[in-house]
Amino acid sequence: MEKNINCYEKYVGTLLDGKYQIEKCLGIGGMAAVLLAKDVEKNIRVAIKMLRDEYANDSDAVDRFKSEAQAVSMLSHPNVVGIHDISLDGELKYLVMEYVEGVSLRAYMDKRGKLSFAEVSSISEQILAALNQAHSCGIIHRDIKPQNIMIMEGGFIKVADFGIAKLPNAETVTMIDHAVGTIYYISPEQARGKKIDPRS
């Protein structure tokens, strides 16, 4: 992980598109690096989700990025991580997203252990409120898991990572004969690569 992060330290101090001052690399995912930046025009901190160098010319990866941007831009809900900007035309391809100061629900549970009924109820209600909004827009997240739920101070929840979301009236950007998602959390029909709906 450290080696991967070091690969993106070269961007620290740079100004993307004359607007986003990169401060540090927050981490590396399967297809993207997440960088902390300051929007110098709006004077706010943002998270830059940058497509990793090895996927920059991969049409499927770029399509997935576009899909994520489209999905999140269709949503306006306090429990969904918002998107501010997208850049896919240049050499660097990235999404500018709301910066959430918190930890993943996975990390929170690992640290806290068994959660109280009140916490479980509050967290569940917020996740379901976000999913209800997505489903009302015809969007199916397809990768709901503790790692994609951010919990902030005070117990406020943000649902993140719409990278493999199914958009309304659109073919998925993944191969339809292969399962997508995280095997421990997906429904049987999704695991089989079958048609899914909000119940999944």
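These legends go with several close-up views of a predicted model.

**View 1. Tyr meets Tyr: the aromatic pair of Y20 and Y94.**
There is one aromatic pair in the structure, and this view is centred on its two rings. Y20 and Y94 sit edge-to-face, with 85 degrees between the planes and 6.4 Å from centre to centre. Along the chain the partners are 74 residues apart: Y20 belongs to strand 2 (residues 20–28), and Y94 to strand 6 (residues 94–98), so to speak of distant parts of the chain is fair. Are these two rings buried or exposed? Y20 has 3% relative accessibility and counts as buried, because the cut-off for that label is under 20%. Y94 is buried too, at 2% relative accessible area.

**View 2. A three-stranded open sheet, strands 7, 8 and 9.**
Here the strands run in the order 7-8-9, and their pairing is antiparallel. Which strands are at the edges? Strand 7 (102–104) and strand 9 (157–159) are, each of them pairing on one side only. From one strand to the next, the twist averages 30 degrees.

**View 3. Zooming in on strand 7 beside strand 8.**
Three bridges hold the register here, with strand 7 and strand 8 (residues 149–152) paired in the antiparallel sense. For a landmark, look for S104, which stands opposite M150 of strand 8.

**View 4. Two helices lying across the sheet.**
Which strands does each helix lie across? Helix 3 (residues 105–112) lies across strand 7 and strand 8, whereas helix 4 (residues 117–136) lies across strand 8 and strand 9. Their angles are worth a look as well: helix 3 runs at about 90 degrees to strand 7, and helix 4 at about 35 degrees to strand 9.

**View 5. A salt bridge from strand 2 to strand 4, E23 with R45.**
How many salt bridges does the structure hold? The total is 11, and one of them joins the side chains of E23 and R45, with 3.1 Å from N to O. The two residues are 22 apart in the chain, E23 in strand 2 and R45 in strand 4 (residues 44–51), and the pair links distant parts of the chain. Both ends are partly exposed: E23 has a relative accessible area of 30%, and R45 has one of 44%.

**View 6. K49 reaches D161.**
The side chains of K49 and D161 meet in a salt bridge, at 3.4 Å from N to O. Why does this pair tie together separate parts of the sequence? K49 lies in strand 4, while D161 lies in the loop between strand 9 and helix 5 (188–191), so the bridge connects parts that are 112 residues apart in sequence. The surroundings of the two ends can be told apart by their labels: K49 is buried, with a relative accessible area of 13%, whereas D161 counts as partly exposed at 29% relative accessibility.

**View 7. The R112 and E119 bridge, and a salt-bridge network.**
R112 forms a salt bridge with E119, and their closest N and O atoms are 3.4 Å apart. R112 is partly exposed, its relative accessible area being 46%. Elsewhere, K49 and D161 turn up again: together with E68 they are joined into one network by salt bridges that share partners.

How values were computed
Residues are numbered from 1 along each chain as its sequence is written. This is a predicted model: local features need pLDDT of at least 70, side-chain atom pairs count only at pLDDT 80 or more; totals for chains, interfaces and linings use all residues. Side-chain values use heavy atoms; hydrogens and water are left out. Rings of Phe, Tyr and Trp (its six-membered ring) pair if their centres lie within 6.5 Å; planes under 30 degrees apart count as stacked, over 60 as edge-to-face and the rest as tilted. Helices (H or I, at least four residues) and strands (E, at least two) are DSSP runs, numbered from the N terminus. Buried means under 20% relative accessible area, exposed over 50%, partly exposed in between (1.4 Å probe, protein chains only). Two strands pair if DSSP finds at least two bridges between them. Axes are lines fitted to C-alpha atoms, for helices over the stretch in contact, and angles run from 0 to 180 degrees between N-to-C directions. Contact means heavy atoms within 4.5 Å. A salt bridge is a side-chain nitrogen of Lys or Arg within 4 Å of a carboxyl oxygen of Asp or Glu.
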